[in-house]
Each structure stands twice: as C-alpha cells, then as structure tokens.
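This briefing goes through one structure by topic. It covers surface, charge pairs, rings, helices and backbone.

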Amino acid sequence: MNESICVDSLNTIFRFRYLVSLTYYPPSLYPARDKPQNFRYGLSFSSFMASALRCPPFEFSAKYYHLSENGGGCVRQTSFFEGKPVLDQGVGYSVILGFGAFFALFTSFLVWLEKRYVGSRHTSEWFNTAGRSVKTGLIASVIVSQWTWAATILQSSNVAWEYGVSGPFWYASGASIQVLLFGIMAIEIKRKAPHAHTVCEIVKARWGTSAHIVFLFFCFLTNIIVTAMLLLGGSAVVNALTGVNIYAASFLIPLGVIVYTLAGGLKATFLASYIHSVIVHIVLVIFVYLVYTASSELGSPTVVYNRLLEVASKSRTCQDPISHHGQSCGPVSGNHEGSYLTMLSSGGLVFGIINIVGNFGTVFVDNGYWVSAIAARPSSTHKGYLLGGLVWFAVPFSLATSLGLGALALDLPINESEAIRGLVPPATAVALMGKGGSVLLLTMLFMAVTSSGSSELIAVSSLCTYDIYRTYINPNASGKKILKVSRAVVLGFGCFMGLLAVILNKAGISLGWMYLAMGVLVGSAVLPIAFMLLWKRANAIGAISGTIFGCVLGIITWLSVTKIQYGRINLDTTGRNVPMLAGNLVSILTGGVIHAICSMLWPQNYDWSTTKQITVVEKEKTDLPAKEFKEEKLTRAKAWIVKWGVGFTVLIVILWPILSLPAGEFSKGYFYFWAVIAIIWGTVGSAVIIILPLIESWETIQTVILGMFTNDRLMENVEELNFKLRTIMQAIPEAERLYLLEKEKAKKLEASEQQSCSLPI
C-alpha cells in the first residue's frame, strides 16, 4: 500500500514538473533528441513522460502500437509477421513449382536451340566446361548471379537493420573484393592449367594425392555450407511469406534446378543465371526507387534521414511494453552518438572483418568459381570477374541501403528472431507494397537461390566426376561415361540439398549463424590455394599442414573465446561477433603462415609443367584464335587485373571508409549523397549486366532466330551443303599432296624421256 501511494505521488510530481518543463523548454526550441534530462529514476524524465503520455511514439508507425487493455501503457507489436503468412500457401507453391517448371523447360529449350542452330556438341567437356569460350558479359552475369545468395538479399538488410549505414557497406565491400582478386587466379588458370576441369585437379597435379584428398574435403565442405545457406534463407522466407511448410520448401526449391542442370550442364546454368540475374536486378531497381523516390510512406532520402534520427533518439523509451527485447529501439550500441547514420560503428567494423575472411573461403575454396573461370575464353576471364565484382557490389549495397534502412525508418516491429532468419527485407517490402511487395521479394529470392544452387550442383558434379571417378575409379573413362556420372551426381546432390536443409532447420541453425561461421570452417584453405598458382616455392606439406591445423585452431579459438566471454557454448553464444571474429582470423592467418614457413624452409621450386599436362577427355574443335592463348597476351591480362583488382580493393575497403570517418554522424546532405550513390550504382550496374551479354551474343541470337523462322527443309539442305563443304575442305590438304606427287612424277617422266631422246643412236 505504501509503495502504491509513493508511486502515485511520484507520478503527480512528474506530471507537474513536465508542465513546468514545457514553460522553460518548449518543444519548438528543443527537438526530442536534445531535450534536457531533468529527472532520473532509471529513466530520463522526458522518456518516462513520453511512455506515459504518448502512444504511439511516432505517428508513422502507429499501426504497430496499441494501448494496453487496462489503459495503463503503450504496447508495441511483439513481431512483424506474428507467425501469420502474408500470402496464401497456393502462391508459395505456385512460385516454387511454377517458376521451377518454367525455368526448367525454358532453359532446356535454349540449350536445344543452341545445339540445333549453332551446332554445339553435347559432350562431357561441354557439359562441365561450356566449351571454354564464354564471353565477358555472360561471365560477369554468371558471377553476379552465382554470388547473389539468399544471404546477399537477406543478411545484408539484417546488418543494415542492426548497424545502420555501415552494415550494407561492409557487406558489399567485404564480399566484392574476393571476386575482384579472384580474377588474378582466373587468368593464372589459363596460363598454368589450361585444360583443368576443377581446382582439385590442379592440386593433385602439383602436390600429389594426399593434398588432393585434403583439398577435396574442404571444397566439398564449402559447397555444403553454401548450399545450406541458400536453402535455409530461401525456405525461411517462403515459410514466413506464404506459410508453405519449411521442410517442403527445402525439397521443392531445388527441383527445377536439377531438371535444367541435368539437361544442359554448365551452359544451361549460365543461361539460367543470366535470366535470373535480369529478374534480380529489375526487382532491385524497383525497391531502390520505391524507398527513395516513389513510396508515399518514405519516398526521399530526406524523409529516411529524419526518421533514422527519430528512431535512434536518446530520449526514446525502450522498455517493455513499448518495445520488446531484440527489437530496434533508441541509440545503437557501439555506434558513434548511437546513430544509424555513421560509419563509426564497432559492430559494423567487426562484421566487416568477419565478412571479408569468411567470403575469401567461399570464393577461393568453392569449385564453382574455378569452373566459371575455366569456362571463360582467355580474353574474357579477367574482365568478367572485375565487372562481375563491381556490379555485384550494388546488390547488397543498394538493396540493403533501401530495404534495411527502410525497415528502421518505418519503425517496423521486427524482432531478433525474425532478423537472424533473414526476414528484414520481406518485412519492408510488405510494409511498403503489401502483397505485391512480398511477391516481388519472393520472386527475387527464388531467382537467387536457384541460380546459386545450379552453380553448386555443377561444382559438386565436376569434383565427383573428375577428382573421384576419373582419378581413382576409372581413369580411362570415355566421354559418354563421364557425362552419365556427371548427371547422376547432379541428381544425387540435388536430393541431398533438400535433406541437408531439413536437418539444419531441425537443429535450429539459422542463415545468420551459418554465414558468420563459414570462414572459421574453410578459411584455412584460402592462402594455400592462392599460393598453389601464384608461388612456385609453395610445397605440399605446408599446404596440407596449414589447411588442417588452421581449421582446427580456428575452431578451438572460436569455442574458447565463446566460453570465456559468455560462460557457455550454444548456437546463440557461438554466433556472436567476438568469438566469430577470433575464429575467422585465426583460421585464415594460421593456414597461410604455416604454409609460408614450410615453403620457405623446404621450397618446391615448381615450374607448373605437370599442371599443363592435365588432359581433356574429348578434344573439341575451337573457334578461338590462336592469339587468345599466347603467353604475352595472358601476361598482359594478368598485369591488367592485378592493377585494377587490387586498385578497386584498396578503394572500397580502405579509402572509402577512411574518407567517410570525418563525417561522424552523417549530415542530411551527406546521407543524400550516400543514397544517390546507392541509386546510381544499382541502376548502372543493372543496365550493364542486362545489356552487355545481349550485345556480345547478338550474332548467335540472330543465327538462332533466323533458324527458327526459316523453313526446316531449307535448313537441312544448308546443313548438308555445309557438311559437304567441310568434307571438301578437310580433303583439300590430302588432295593437294597427291596432286603434287603426281606432278612431280610427271616431271620426272618427262625429264627421263627427254634424256632418252637426246642420247645418240
């Protein structure tokens, strides 16, 4: 009773002092974030009064707040989705099965057209390497599509929601530089292992069987991790938006991918990747312009800027029930001035380091990127990777600067559980566009998951076919046999993908946790793989020791720091920034240091002769000019990619963040400029990646269209005539040789006759 009287008395005093404060500190002179802090009982007086007297705290987010039933306080919605799907299950199944079936049929049809009218031969080499003649635009499009995971769309917006403007930047820059620098490895493949099919083939040719087995394990582990992230993110969003059973989604998403990959191999994957990339970038541009120009709720960088100031206000009350644990509310811990509008963010920087280390592993140790480099024509390899890296930067940067910051600017009641499952962008899309937004986001995500998934299928298929079957089971396998094994692996791993996602969902492993942990698990193999093609002294024992011990020490460090820091080891504590940072750094650095020391003590002094002896199964006729393979041309290409790849890496990882630090908390003008960069980069990058492949392939497109609309009987006659001409051309050298022999015989006969006539009788 006495406590109740005391509280009532305090409330009366607070209200009186609040009225007095309005006299001395009118709101027109002191914005909400700058009001004097007059009275403290755990909370500032102004915060207490805001919670007691004002509901909702912001008019623009009124729909997410309500007064409690007894009228005693303002209550915020506990989550955005509240376990209720936005769309019907039918829509979810239509997207998964409908798009899957469409792309399976359409891509298979494109592959048939190429075979019918362009003359592609569907051999095992073609299935796994696409003829090694893919041009710059398509390679760049494939890289963008292949690197656009579910995490690219979902996790990037999550870190924007968590850290503000620094999150999208560190996600984009921390995962672009690996692609830019991999261009160096791509051109080295053309110089030192021109006929390789996989990265592990090169490992075996240089370092032998033991190293081959170790790196084969790490390559498979990388493919499994990437596949897990694709399906964890994809199934979680499909479930949240449509209510489709999360386990059913895990199995159904890969179905269409399996079909067109079985039909067309790597070339089908490339064609599908281009189409997927077009759709992803169209949706990207829609969302960017929606948030910053067209939306009635946001619609300009100025509105977003002002809202971000308001939601991070120091005077905002963030206790239950006006805000719940794990929801964004008030100043950001670790950010300068607690603001979302700053690059001075300790959490953002730590995430950036983890992101850089982890993504080196999932590029350099993912056979999919090596396969893409192998498929490229020599003159396109380095340019394709540089262009792909720069265009890809726009996907997480522009999208998360829009949807991630948009979620904060709308004060959406997203909770931590929803965020780590990747539901920040779907929430923003639904808030701004309703069901239309959720359909767009679902389509974009499906494109990303299936495109990357097909790349992983081919990566695993080529490893199993060339590094296990052809190496250890049947070294003399014919092309037909290898093609059959490749397709069997595609089917088998496609089914395994769904099973893996179900197991991980059952275990409670989230997309965010898996994304941060990947560097700990595979980072130790990064530097040894780079040394393999870049350093002639790198030896096998160092590669094996560095990779294995780096991984083991990384895991030990990760778990030890977790135990020391938080006192317990579980999915929650192991997924936090400090343990992840320690584990990632120890893994990648230890692997490189051990390999470097061993190689300096016992150098190999390798000349790459054995890697150049890797053979193809079926020799294919190539239309590429001989100058494409000249050492001088490839050396110039390497110098070019080193200059531009390293240059852009320094720009986006060092210079850009350093130049943004003096801004502290962004001014309105500075944020406006930041948003304009995101809009322009997203727009220009999308235009380039859509148009360039069409320009480069226009001649082939014309050939196909002409063939489709020309009488089939005429085409058969033309093909028969071409066959006869080819036969004649092939016979010309032999005919010429016979002609010269006969001519020589005739000359000799004539000379002998003349000699006999000149003799006296």
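**Surface patch**

Leucine 344 is partly exposed, with a relative accessibility of 33%. The model in which this residue is found is a predicted one. Leucine 344 belongs to the loop that runs between helix 11 (301-311) and helix 12 (346-364).

- Leu344 also contributes to a nonpolar surface patch of about 780 Å².
- The other residues that make this patch are Val642, Val646, Val650, Leu651, Ile654, Leu655, Ile658, Leu659 and Leu661.

**Salt bridges**

- Nine salt bridges are found when the whole structure is searched.
- One of the salt bridges joins aspartate 411 to arginine 76, with 3.0 Å between the closest N and O atoms. Arginine 76 is in strand 2 (residues 74-76) and aspartate 411 is in the loop between helix 14 (378-409) and helix 15 (416-420), so the pair ties together parts that are 335 residues apart in sequence.
- Both partners, aspartate 411 and arginine 76, are buried. For aspartate 411 the relative accessible area is 1%, and under 20% counts as buried.
- A salt bridge also forms between lysine 314 and glutamate 337, whose closest N and O atoms are 3.3 Å apart. Lysine 314 and glutamate 337 each lie in the loop between helix 11 and helix 12, so this pair ties together parts that are 23 residues apart in sequence.
- Glutamate 337 has a relative accessibility of 39% and counts as partly exposed.

**A charged network and helix 7**

- Salt bridges link Glu188, Arg191, Lys192, Glu631 and Lys638 into a network.
- Within this network, the side chains of arginine 191 and glutamate 188 meet at 2.7 Å, N to O. Helix 7 (residues 166-192) holds both arginine 191 and glutamate 188, which are three residues apart, or about one turn of the helix.
- Glutamate 188 is buried, and its relative accessible area is 0%.
- Lysine 192, a member of the network, has its charged end over the ring of tryptophan 608, 3.8 Å from the ring centre.

**Aromatic rings**

- The structure contains 36 aromatic pairs. In one of them, the ring centres of phenylalanine 666 and tryptophan 674 are 5.1 Å apart and the planes are at 50°, so this pair is tilted.
- Phenylalanine 666 is buried at a relative accessible area of 1%, and tryptophan 674 is buried at 2%.
- Phe666 and Trp674 are both part of a cluster linked by ring pairs, together with Phe169, Trp170, Phe393, Phe397, Trp656, Tyr670 and Trp681.
- A charge over a ring also occurs at phenylalanine 60, where the charged end of arginine 307 is 3.9 Å from the ring centre.

**Helices**

- Helix 17 (residues 435-473) has 39 residues, which should span 57 Å at 1.5 Å a residue. The C-alpha atoms at its ends are 53 Å apart, in agreement with that value.
- Of the 39 residues of helix 17, 31 are buried, and the helix is mostly covered.
- Helix 18 (residues 479-507) has 29 residues and extends 41 Å from first C-alpha to last, close to the expected 42 Å.
- Glycine 508, just after helix 18, has a positive phi of about 80°.
- Valine 311 is a residue of helix 11, and it is buried with a relative accessible area of 3%. The C-alpha atoms of valine 311 and glycine 330 are 5.8 Å apart, while the two residues are 19 apart in sequence.

**Positive phi outside glycine**

- Most residues other than glycine have a negative phi.
- Aspartate 411 has a positive phi of about 55° although it is not a glycine. This aspartate 411 is the residue that forms the salt bridge with arginine 76.
- Tryptophan 608 is not a glycine and has a positive phi near 65°. Tryptophan 608 lies in the loop between helix 23 (577-601) and helix 24 (631-660).
- With a relative accessibility of 11%, tryptophan 608 counts as buried. The ring of tryptophan 608 is the one under the charged end of lysine 192.

Conventions: Residues numbered from 1 in each chain as written. Predicted model: local features only at pLDDT ≥ 70, side-chain atom pairs only at ≥ 80, totals over all residues. Heavy atoms only, no water. Phe/Tyr/Trp six-rings, centres within 6.5 Å; stacked < 30°, edge-to-face > 60°. Buried < 20%, exposed > 50% of the residue type's maximum accessible area, 1.4 Å probe, protein only. Lys NZ or Arg CZ within 6 Å of the ring centre and 35° of its normal. Patch = residues over 30% accessible without salt bridge, like charges linked within 9 Å, V, L, I, M, F, W, Y side chains within 5 Å. Areas by Shrake-Rupley, 256 points an atom, 1.4 Å probe, with all protein chains shown as cover. Salt bridge = Lys/Arg side-chain N within 4 Å of Asp/Glu carboxyl O. Helix = DSSP H or I, 4+ residues; strand = E, 2+ residues; numbered from the N terminus. Expected span 1.5 Å × (residues − 1).
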